Amino acid sequence: MDGVLRRLLVDGRDTFVTQETAEALLERGDACGLRLVLGAFDGADDDTADHLDDALFGVCCRSREDAERFAALCAVLVEDPDGAVRGEARRLLGRSG
């Protein structure tokens, strides 16, 4: 399942699919969905990465509570075994801090 979701997240031919998939995963409000989105940055082209960022901040920063939950999830993911996920979590914590 993760492979299918990854392909949808990095679909360079259709950034609408990228953004909608990312938003759906982020709406879950859990580390699993966020982890998949953060992992998708690895190898994403610039346009796809912009849409992933738009989804992140559109869903995760709508309110103060959302931003706090997002920061807490990123704090957990800075210890993720996947280096790409760790790096993105650190980047996002640095941006929000």
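## A salt bridge along one helix

Let's start with a pair of charged residues: Glu-68 and Arg-64 meet side chain to side chain in a salt bridge, with 3.4 Å from N to O. Keep in mind that the model you are looking at is predicted. Both residues belong to helix α5, and because they are four residues apart, about one helical turn separates them. Here is the general idea behind that: an α-helix has 3.6 residues a turn, so residues three or four places apart point the same way.

How open to the outside are these two? Glu-68 has 48% relative accessibility, so it counts as partly exposed. Arg-64, with a relative accessible area of 69%, is exposed.

## More salt bridges

The count of salt bridges comes to nine. One of them joins Arg-91 and Asp-53, whose closest N and O atoms are 3.1 Å apart. This pair connects distant parts of the chain, since Arg-91 is in helix α6 and Asp-53 is in helix α4, 38 residues apart. Is Asp-53 buried or exposed? Its relative accessible area is 16%, and the cut-off for buried is under 20%, so Asp-53 is buried. Arg-91, at 28% relative accessibility, counts as partly exposed.

Another salt bridge brings together the side chains of Arg-62 and Asp-66, at 3.5 Å from N to O. Asp-66 is a buried residue, with a relative accessible area of 14%. These two also take part in a network of salt bridges that links Glu-27, Arg-62, Asp-66 and Arg-69.

## What happens around the rings

Arg-91 has a second thing going on besides its salt bridge with Asp-53. Its charged end sits over the ring of Phe-41, 5.0 Å from the ring's centre.

Now for rings that meet rings: how many aromatic pairs are there? The count comes to one. The partners are Phe-57 and Phe-70, arranged edge-to-face, with 5.9 Å centre to centre and 80 degrees between the planes. Phe-57 lies in helix α4 and Phe-70 in helix α5, so the pair ties together parts that are 13 residues apart in sequence. The two rings sit in different surroundings: Phe-70 is buried, with a relative accessible area of 3%, while Phe-57 is partly exposed, at 26%.

## The nonpolar core

Next, the inside. The largest nonpolar core has 26 residues, and those with the most contacts inside it are Leu-9, Leu-26, Leu-34, Val-37, Leu-38, Leu-52 and Leu-56. Helices α1 (2–9), α2 (15–27), α3 (31–40), α4 (46–60), α5 and α6 each supply at least two residues of this core. Which helix gives the largest share? That is α4, with six residues.

Take Leu-26 as an example of how the pieces meet. Apart from residues up to four places away in sequence, Leu-26 touches Leu-34, Val-37, Ala-55, Leu-56, Val-59 and Cys-60. Two of its partners, Leu-34 and Val-37, turn up again among the buried residues of α3. That helix is mostly covered, with seven of its 10 residues buried. Besides Leu-34 and Val-37, the buried ones are Gly-33, Leu-36, Leu-38, Gly-39 and Ala-40.

## Two aspartates in loops

Loops are worth a look too. Asp-80 is in the loop between α5 (64–77) and α6 (83–96). Is Asp-80 buried or exposed? At 8% relative accessibility, with under 20% as the cut-off, Asp-80 counts as buried. Its side chain makes a polar contact of 2.7 Å with the side chain of Arg-35. A polar atom of the Asp-80 side chain also lies 2.9 Å from the backbone nitrogen of Asp-82. Setting aside neighbours within four places in sequence, Asp-80 is in contact with Arg-35, Val-85 and Arg-86.

The other loop residue is Asp-11, found between α1 and α2. Asp-11 is buried as well, with a relative accessible area of 16%. What does Asp-11 touch, not counting residues up to four places away in sequence? Its contacts are Val-17, Thr-18 and Thr-48. Asp-11 and Thr-48 are 37 residues apart in sequence, but in space their C-alpha atoms are 7.5 Å apart.

Technical notes. Residues are numbered from 1 along each chain as its sequence is written. This is a predicted model: local features need pLDDT of at least 70, side-chain atom pairs count only at pLDDT 80 or more; totals for chains, interfaces and linings use all residues. Side-chain values use heavy atoms; hydrogens and water are left out. Buried means under 20% relative accessible area, exposed over 50%, partly exposed in between (1.4 Å probe, protein chains only). A polar contact is a pair of N or O atoms within 3.5 Å; within protein, one must be able to donate a hydrogen and the other to accept it, and residues adjacent in sequence count only if both atoms are side-chain atoms. Contact means heavy atoms within 4.5 Å. A nonpolar core is a set of buried Ala, Val, Leu, Ile, Met, Phe, Trp, Tyr and Cys residues joined through side-chain atoms within 4.5 Å. Rings of Phe, Tyr and Trp (its six-membered ring) pair if their centres lie within 6.5 Å; planes under 30 degrees apart count as stacked, over 60 as edge-to-face and the rest as tilted. A charge sits over a ring if NZ of Lys or CZ of Arg is within 6 Å of the ring centre and within 35 degrees of the ring normal. A salt bridge is a side-chain nitrogen of Lys or Arg within 4 Å of a carboxyl oxygen of Asp or Glu.
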